[in-house]
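Biologist: I would like a close look at a single part of this model. Please take one aromatic side chain, say how exposed it is, and then work outward to the rest of the chain.

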Amino acid sequence: MKRWLTGIALLILLSLAVGIGLALSRKPSAPIQPIAFSHKSHAGDYKIACEYCHSYARRSPVAGVPSVQLCIGCHKITALDKPEVQKLRGYWERKEPIPWIKIHDLPDFVIFTHKRHVLKGIACQTCHGPVETMDQMRQVASLEMGWCVSCHKEQRASLDCLDCHK
């Protein structure tokens with residue numbers, strides 16, 4: 001009887017460990033954004049270049065999130081009947097920025113510069129995945145140090161720790 005109870009206890013513990021492991025290994029799903037912006041529509045169907053909206057990527061460490069003013073520049077005249085464009089117009093009329101939820105978030109001790117990568121000709125999709133196919137933006141690469149180091153080795157880029165870390 002004691003062996004049977006021990007076996008059941010071990011089975012329960014093993015099941016819990018596997019369940020916790022699976023839960024920790026899953027990537028969180030993409031958050032619900034205040035406006036359902038489709039990269040598939042903009043970058044895919046309409047072939048709008050990434051840097052049109054993320055204009056800081058070529059000249060700054062951050063790519064930048066497009067301003068409501070940039071978005072409304074096109075949406076003053078196009079797709080006015082769409083509910084998401086009407087939400088955009090609401091932010092414009094209230095003079096409020098859109099409170100986007102960050103998808104690609106690195107730890108504070110990591111210094112990643114878009115400028116350096118863009119100027120080397122590295123496609124945005126290398127790190128961000130096929131955004132031109134995404135209705136909802138999601139993180140596709142781990143962006144963990146091992147992933148970056150692997151790419152740097154493959155490209156024969158600098159492996160100096162101080163290039164990326166404070």
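What does Phe37 count as, and at what relative accessibility?

Modeller: The model is a predicted one. In it, Phe37 counts as partly exposed, at 28% relative accessibility. The reasoning takes one step: buried would need a value under 20% and exposed a value over 50%, so a residue with a value in between is called partly exposed.

The ring of Phe37 has a partner. The count of aromatic pairs in the structure comes to one. The two members are Phe37 and Trp100, with 6.5 Å from centre to centre and 80° between the planes. An angle over 60 degrees is what places a pair in the edge-to-face class, so that word applies here. Trp100, the partner, counts as partly exposed too, with a relative accessibility of 28%.

Where the two rings sit along the chain is worth a look. Phe37 belongs to the loop between α1 (2-25) and α2 (39-45), while Trp100 belongs to the loop between α5 (83-94) and α6 (114-119). With their positions 63 residues apart, the pair links distant parts of the chain.

Now the frame around that pair. The protein chain has eight helices and zero strands. Read from the N terminus, every element is therefore an α, in the order α-α-α-α-α-α-α-α. Of the 166 residues in the chain, 19% count as buried.

Helix α5, which comes before the loop of Trp100, takes part in a helix crossing. Its axis and that of α4 (residues 68-75) come within 10 Å and cross at roughly 130°. The two helices are therefore oblique to each other. The crossing of α4 past α5 is left-handed. Elsewhere, a charged side chain meets a ring: Arg94 lies over the face of Tyr91, 4.9 Å from the ring centre.

Two residues in loops have an unusual sign of backbone angle for you to find. Ala79 is in the loop between α4 and α5, and its phi is positive, about 60°, although the residue is not a glycine. Ala79 counts as partly exposed, at 26% relative accessibility. Lys47 is in the loop between α2 and α3 (50-53). Its phi is positive as well, about 55°, and Lys47 is not a glycine either. With a relative accessible area of 65%, Lys47 is exposed.

Helix α3 holds Tyr52, a residue that counts as partly exposed at 47% relative accessibility. Tyr52 and Leu70 are 18 residues apart along the chain, and their C-alpha atoms are separated by 9.3 Å.

Towards the end of the chain, Leu159 is in the segment after α8 (145-155). Leu159 counts as partly exposed, at 47% relative accessibility. Its C-alpha atom is separated by 7.0 Å from that of Val149, a residue 10 positions away along the chain.

The cysteines come last. The structure has zero disulfides. Cys127 is in none, and the nearest cysteine sulfur, that of Cys151, is 6.4 Å away. A disulfide would need the two sulfur atoms within 2.5 Å. Cys127 is buried, with a relative accessible area of 18%. For Cys161, the closest cysteine sulfur is in Cys164, and the 8.5 Å between the two sulfurs is too far for a bond. Cys161 is exposed, at 55% relative accessible area.

To return to the starting point: Phe37 is partly exposed, and its ring forms an edge-to-face pair with that of Trp100.

Methods
Residues are numbered from 1 along each chain as its sequence is written. This is a predicted model: local features need pLDDT of at least 70, side-chain atom pairs count only at pLDDT 80 or more; totals for chains, interfaces and linings use all residues. Side-chain values use heavy atoms; hydrogens and water are left out. Rings of Phe, Tyr and Trp (its six-membered ring) pair if their centres lie within 6.5 Å; planes under 30 degrees apart count as stacked, over 60 as edge-to-face and the rest as tilted. Helices (H or I, at least four residues) and strands (E, at least two) are DSSP runs, numbered from the N terminus. Buried means under 20% relative accessible area, exposed over 50%, partly exposed in between (1.4 Å probe, protein chains only). A charge sits over a ring if NZ of Lys or CZ of Arg is within 6 Å of the ring centre and within 35 degrees of the ring normal. Axes are lines fitted to C-alpha atoms, for helices over the stretch in contact, and angles run from 0 to 180 degrees between N-to-C directions. Angles under 35 degrees count as roughly parallel, over 145 as roughly antiparallel, 65 to 115 as roughly perpendicular and the rest as oblique. A crossing is left-handed if the near helix is turned anticlockwise from the far one by less than a right angle, and right-handed if clockwise.
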